[in-house]
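Me: Please take a close look at a single part of this model. I should like the pairing described in detail, followed by a connected account of other regions of the chain.

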Amino acid sequence: MSLDNHSVLIEQLKPLLMEPNFQEIFQQLTIDETNSTRFLVKMELSRLASPCTRIIDLRDKSELACTEVMLGQQRHFLDEPAKNSLHEAMSLYRNQYTLGVYEHVLNAHQQRRVKLRQGVTQVEAAEPEPFMVPGVVLGSYFNRAEERMNYSIRIAASQTGRGEVPGITADLSIGGARIRLAANHPFDLDHPLKIKLLELSEEFYYPDLQLGVDYQIVDSQTNGEYIWLRLKRLGGSEALSEMLGNLIRGYKLRYKVDVNDVIVSATGLGFERHYLPHLPHLPLYFNTQTQGLSHMLLSRDNQQIVHYFQDENDISQLPAMLTPSRVSALLSHPENPDHGLFFSFTYNAQGCLYFYSATLAELKAKGMMPLFLGFASTKPSWRIFKVTQDKIYHDKGYRRATLPGDEAKFSPLVEQQLSQFSHLLQLIDISNEDTRGHYKAWQDNSNANALKTFGQQRLTANQIKLVSMQFSERRQEARFAFKTLVNVTQDKLKATGITLDISSRGMQLTLDNPTEFSSNKPLLLSFPKLQTIAGKTQLDNLPYRLVRTRKNGVTLHLTAVMGHTPHVGVEFLNKLIAHNKEKLEQLTENNSEANELADGLKNILMHDLHSVPYFVEKTTKSAQVACLGVGTQQDEISDIFAAGTSDTLQYNLAPLLKDGFFKRDILEPIRQMKPQQDMDFIEVFVQLIRQSRGKIFLKCTSATEVGDVDAQITFINQSKALGRFLALRVYRGATEKPDMSYLRRELEYINIHANHKAKQLEEQLWRIIGVGELLDITQEVELRYPAIHKKQS
């Protein structure tokens with residue numbers, strides 16, 4: 001049987017060969033193939049991944065100049081195009097020189113020569129596809145504690161009672177190594193290995209080298225034929241350490257110091273600093289000591305969720321929605337998304353705010369979906385929240401330690417606090433004002449009094465501590481959560497609202513009704529409730545400037561207009577804050593312990609993102625998507641855009657961005673926005689059809705273009721009949737200049753060993769003008785249509 005018909009499948013599997021879960025991926029992608037075909041394909045892949053000892057010498061085969069390229073102990077002679085082919089192929093095989101690499105380089109060389117003979121003189125790479133974008137790994141902060149170099153030598157590994165097994169090193173440091181052995185080795189990975197560095201023992205005489213050195217196994221990855229082990233040295237003399245240190249220092253010019261991990265981490269950190277100010281979701285941390293949610297992490301854009309749950313006394317009623325029984329159900333049944341979909345509204349009676357909430361699981365169990373969804377969706381305060389949960393694995397550590405020698409732990413107090421968290425919950429607001437009307441179709445004639453069972457117990461004290469992420473803060477002073485009545489006028493425009501937070505020089509407030517105030521003239525503010533405690537100080541007609549608006553003119557950010565005379569509002573708020581600091585909830589902090597805690601909570605969050613960030617960069621002509629942000633864990637959204645691409649960490653966004661979608665729905669809105677504005681979003685409906693040999697066909701259409709409600713229902717039903725329906729919320733926002741001070745140490749280190757790469761990273765981060773994310777909202781979208789729910793039931 002020929003493999004020619006399966007070349008596409010083989011190409012698709014090549015980038016996955018060295019993945020630890022290759023067996024599982026192979027089973028999925030070849031599910032439609034016969035056993036004989038699967039056997040042949042696996043044999044071919046094993047052949048391509050096998051180590052190669054053949055030398056490539058193009059000196060008498062190329063019209064271009066050839067230079068020496070060293071791979072371990074092998075000396076190759078390649079021209080410039082062949083070097084590019086070599087680097088391209090090596091990345092597919094985790095920097096291992098395999099038969100697949102050898103064949104790829106020779107095939108590419110032969111094809112170039114054929115084109116040359118046919119008069120095709122262009123040898124540069126073809127113009128890249130416009131929507132093929134790379135992935136940048138986010139949340140990868142942890143590195144070895146020492147400098148290491150790419151250094152491949154022969155080794156022999158053994159354990160007590162088991163014979164020696166040959167292998168090779170992939171890299172080497174004074175205190176550790178990464179090695180490759182055959183997958184069918186006889187070793188127990190829970191016990192140390194004795195390693196003989198054979199080529200070093202031939203060159204240097206140390207008893208340790210002759211007898212072998214004990215190493216602890218830190219991590220392992222397999223791909224079917226081979227296993228890669230990360231090792232930490234346990235034994236060996238000081239003399240051996242000195243010899244290895246001298247070897248690494250002496251060979252630095254010949255073998256590159258491995259800075260790839262630092263580059264990956266620094267790149268992720270740089271893009272993370274563009275994304276996190278705009279993080280729209282609220283991270284919450286479950287504390288094993290209190291058996292409840294004890295901390296929340298604030299970004300600039302997620303504070304509207306915090307404010308939603310503040311009652312008239314500035315007490316957060318969020319814990320009354322996320323009750324112990326609801327959190328327990330969420331953690332106990334991670335496979336059931338109904339426990340993580342929350343619906344909420346508020347009721348104002350005689351100046352008191354009462355909260356009502358229910359999970360989808362509760363509504364289904366009590367048969368009250370029609371009544372709750374139909375009634376609650378008519379309320380201005382109607383909200384829908386998705387709550388995700390992830391277990392926190394403490395063995396990963398909390399502190400970013402990206403450089404050799406970095407301290408791996410925070411202060412003991414912060415480490416102790418972080419060790420108490422068992423789960424990370426993320427509260428994601430997926431409400432959409434434009435689709436509120438869809439839920440009216442649920443309305444029934446039941447008595448709304450039955451909803452009293454979903455009334456939240458009123459809390460009288462704050463239970464969750466607010467921790468702010470540290471950015472280059474534009475406000476020069478701390479902010480405090482504080483609610484009081486405000487009257488606002490500007491010429492003939494008048495509005496009433498409530499403050500959400502205050503500082504002495506500014507505030508954020510929400511109006512009762514949207515009002516289009518101008519940013520070119522002062523707004524005059526009066527504080528009727530504060531006036532009762534202000535004595536002779538007159539708190540009316542105080543001038544403030546509009547900094548920005550959100551939510552179509554409902555939320556305003558204001559700063560005091562400072563003139564030649566003291567500003568009465570600034571003086572009064574200054575005294576108010578000073579005299580009530582113990583009572584007010586501070587939203588920003590400046591002490592180092594709080595900074596460490598915020599950084600640790602942020603690092604925990606970045607391990608478990610439930611959306612896929614993307615970044616937009618300016619180009620010489622216009623702009624393009626620079627990259628996707630992918631986590632250290634697999635996620636479904638990036639996976640569907642990775643299907644069909646030939647390289648790892650490459651994503652084809654053409655199904656989403658083509659036909660003018662990128663320019664019309666992402667780029668132009670970003671250009672109209674300011675960095676201080678919150679991200680907004682549009683919704684996209686996706687039809688996902690799996691084809692033979694693992695291929696995926698995607699049809700992406702914005703929800704508004706699909707048509708009216710009936711057309712949307714038809715699209716969803718048709719997608720399910722053909723394969724699968726997926727709904728994405730596509731956020732977009734403008735970014736500020738990059739926070740280069742956050743990366744200073746990493747950039748200085750990279751600059752020493754790879755100056756051009758440090759410069760490339762800086763230039764790339766300065767080109768970023770926009771950020772957004774792709775969020776799966778399929779469950780909520782399907783819930784908008786009672787007809788679909790009844791059909792599923």
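Reply: The part chosen is an open sheet of 7 strands with mixed pairing, in the order β14-β13-β15-β16-β11-β12-β17. At its edges stand β14 (352–359) and β17, each of which pairs on one side only. From one strand to the next the twist averages 30°. The model is a predicted one, in which local features need pLDDT of at least 70 and side-chain atom pairs count only at pLDDT 80 or more, whereas totals for chains, interfaces and linings use all residues. Residues are numbered from 1 along each chain as its sequence is written, and side-chain values use heavy atoms, with hydrogens and water left out.

Some conventions apply throughout. Helices (H or I, at least four residues) and strands (E, at least two) are DSSP runs numbered from the N terminus. Two strands count as paired if DSSP finds at least two bridges between them. Angles run from 0 to 180 degrees between N-to-C directions, with axes taken as lines fitted to C-alpha atoms, for helices over the stretch in contact.

Within the sheet, strand β11 (residues 282–287) and strand β12 (residues 292–298) run antiparallel and are joined by 4 bridges. Opposite Phe286 stands Leu293 in β12. Helix α14 (residues 369–376) lies across β13 (341–349) and β14, at about 55° to β13.

The packing can be followed through Phe343. Apart from neighbours within four places in sequence, its contacts (heavy atoms within 4.5 Å) include Tyr356, Leu363, Phe372, Leu373, Trp382 and Leu783. Phe343 belongs to the largest nonpolar core, of 82 residues, and is one of those that touch the most other members, as are Tyr285, Leu363, Phe372, Leu373, Leu418 and Phe685. A nonpolar core is a set of buried Ala, Val, Leu, Ile, Met, Phe, Trp, Tyr and Cys residues joined through side-chain atoms within 4.5 Å. Buried means under 20% relative accessible area, exposed over 50%, and partly exposed in between (1.4 Å probe, protein chains only).

Trp382 leads to a residue in a loop. The C-alpha atoms of Glu433 and Trp382 are separated by 9.0 Å, although the two residues are 51 residues apart along the chain. Glu433 lies between β16 (421–429) and β17 (465–468). Because its relative accessible area is 51%, Glu433 is classed as exposed. Its side chain makes a polar contact of 2.7 Å with the side chain of Arg436. A polar contact is a pair of N or O atoms within 3.5 Å; within protein, one must be able to donate a hydrogen and the other to accept it, and residues adjacent in sequence count only if both atoms are side-chain atoms.

Phe685 directs attention to another group of strands. The bridge partner of Phe685 in β30 is Thr701. Strand β30 (residues 696–702) pairs with β29 in the antiparallel sense over 7 bridges, while strand β31 (residues 724–734) is joined to β29 by 9 bridges, also antiparallel. Glu683 has Arg729 as its bridge partner in β31. Strand β29 (residues 680–690) is largely enclosed by the rest of the structure, because 8 of its 11 residues are buried.

Lys720, in helix α23 (residues 709–722), has its C-alpha atom 9.0 Å from that of Ile689, 31 residues away in sequence. With a relative accessible area of 31%, Lys720 is partly exposed. Its side chain is joined to that of Glu782 by a polar contact of 3.2 Å.

The last region is centred on Asp79, in the loop between β2 and α4. Asp79 counts as buried because its relative accessibility is 0%. Its side chain makes polar contacts with the side chains of Ser62 (2.7 Å) and Arg112 (3.1 Å). At the start of α4, a side-chain oxygen of Asp79 also comes to within 2.9 Å of the backbone nitrogen of Ala82. Ala82 is among the buried residues of α4, together with Pro81, Leu86 and Met90. The buried residues of this helix pack against β1 (67–71), β2 (74–78) and α5 (99–117). After α4 comes Arg94, with a positive phi near 55°.
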